[in-house]
Amino acid sequence: MADLQNGGHFVKQSHNNSKCLNHSKKSAPSTPSKAVNFSENPDGEKHREKYLTAKYGAHQMALIRKRLKVEMWMFDQLQELCESETESSNDVDIDLDEILDIEDEIQRKIFVRKMLTDSKSSKEIVNKFVDELLERAKTL
């Protein structure tokens, strides 16, 4: 066999099959796919969920816990405020990030109170919730 260099590529040719190999170079033969096809759910295995996990530093983890604590408190308080309402369409969803994006304290109070206008709780209870929420939001 002889090695020939053709445009920067080495091509091995045997002396007696050189015409055949040159011909195959022009039109590549069909090669089978190199992809592996796994059957879906073989042997009835249970589908496993995939989760991405990350490792946070101690300070970052403390901030996440603090934020979660405020969000869980807010969720519980909203459940109590809307407890007397039976329709799920009246659920209030307050985004803590939206509150934190508002710089003025008075504007924050107005924003949260507008979100709670449909609440059937007394104004005293709503005002107490708003004040407490804004105090907790300051810690974030």
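Start by selecting helices H2 and H5: in this predicted model, their axes come within 11 Å and cross at roughly 175 degrees. Anything over 145 degrees counts as roughly antiparallel, so H2 and H5 are roughly antiparallel to each other. Now show the side chains where they touch. On the H2 side, pick Val70, Trp73, Met74, Gln77, Leu78 and Leu81. On the H5 side, pick Ile125, Val126, Phe129, Glu132, Leu133 and Arg136.

Stay on H2 for a moment. This helix covers residues 58-81, 24 residues in all. Put a distance line from its first C-alpha to its last and you'll find 35 Å, close to the 34 Å expected at 1.5 Å a residue. Which residues of H2 are buried? Colour Val70, Trp73, Met74, Leu78 and Leu81 to see them. And what covers them? The cover includes helix H3 (96-101) and helix H5 (123-138), so add H3 to your selection, with the cover in view.

Next, keep H5 and bring in H4, residues 105-115. Two packed helices are described by the angle between their axes and the distance between the axes. For H4 and H5, the angle is about 130 degrees and the axes are 10 Å apart. That makes H4 and H5 oblique to each other, and their crossing is right-handed. To light up the contact, select Glu105, Arg108, Lys109, Val112 and Arg113 on H4. Then add Asn127, Phe129, Val130, Asp131, Leu133, Leu134 and Lys138 on H5.

Zoom in on one residue here: Arg113, which sits in helix H4. Is Arg113 buried or partly exposed? With a relative accessible area of 33%, Arg113 is partly exposed. Setting aside neighbours within four places in sequence, Arg113 is in contact with Asn127 and Val130. Try a distance line from Arg113 to Val130: the two are 17 residues apart in sequence, and their C-alpha atoms are 7.2 Å apart in space.

Time to zoom out and show the whole protein. You should find five helices and two strands. Walking from the N terminus, the elements run β-β-α-α-α-α-α. Of the 140 residues, 16% are buried. Among contacts between residues at least 6 apart in sequence, 48% join residues at least 24 apart.

Last stop: colour by pLDDT. The mean for the protein is 76, and 65% of the residues reach 70 or more. Then select residues 17-24, where the pLDDT is below 50. Beyond near neighbours in sequence, this stretch has six contacts in the model. Where pLDDT is low, the predicted coordinates should not be read in detail.

Notes
Residues are numbered from 1 along each chain as its sequence is written. This is a predicted model: local features need pLDDT of at least 70, side-chain atom pairs count only at pLDDT 80 or more; totals for chains, interfaces and linings use all residues. Side-chain values use heavy atoms; hydrogens and water are left out. Helices (H or I, at least four residues) and strands (E, at least two) are DSSP runs, numbered from the N terminus. The expected span of a helix is 1.5 Å times one less than its number of residues. Buried means under 20% relative accessible area, exposed over 50%, partly exposed in between (1.4 Å probe, protein chains only). Contact means heavy atoms within 4.5 Å. pLDDT is the predictor's confidence in each residue, from 0 to 100. Axes are lines fitted to C-alpha atoms, for helices over the stretch in contact, and angles run from 0 to 180 degrees between N-to-C directions. Angles under 35 degrees count as roughly parallel, over 145 as roughly antiparallel, 65 to 115 as roughly perpendicular and the rest as oblique. A crossing is left-handed if the near helix is turned anticlockwise from the far one by less than a right angle, and right-handed if clockwise.
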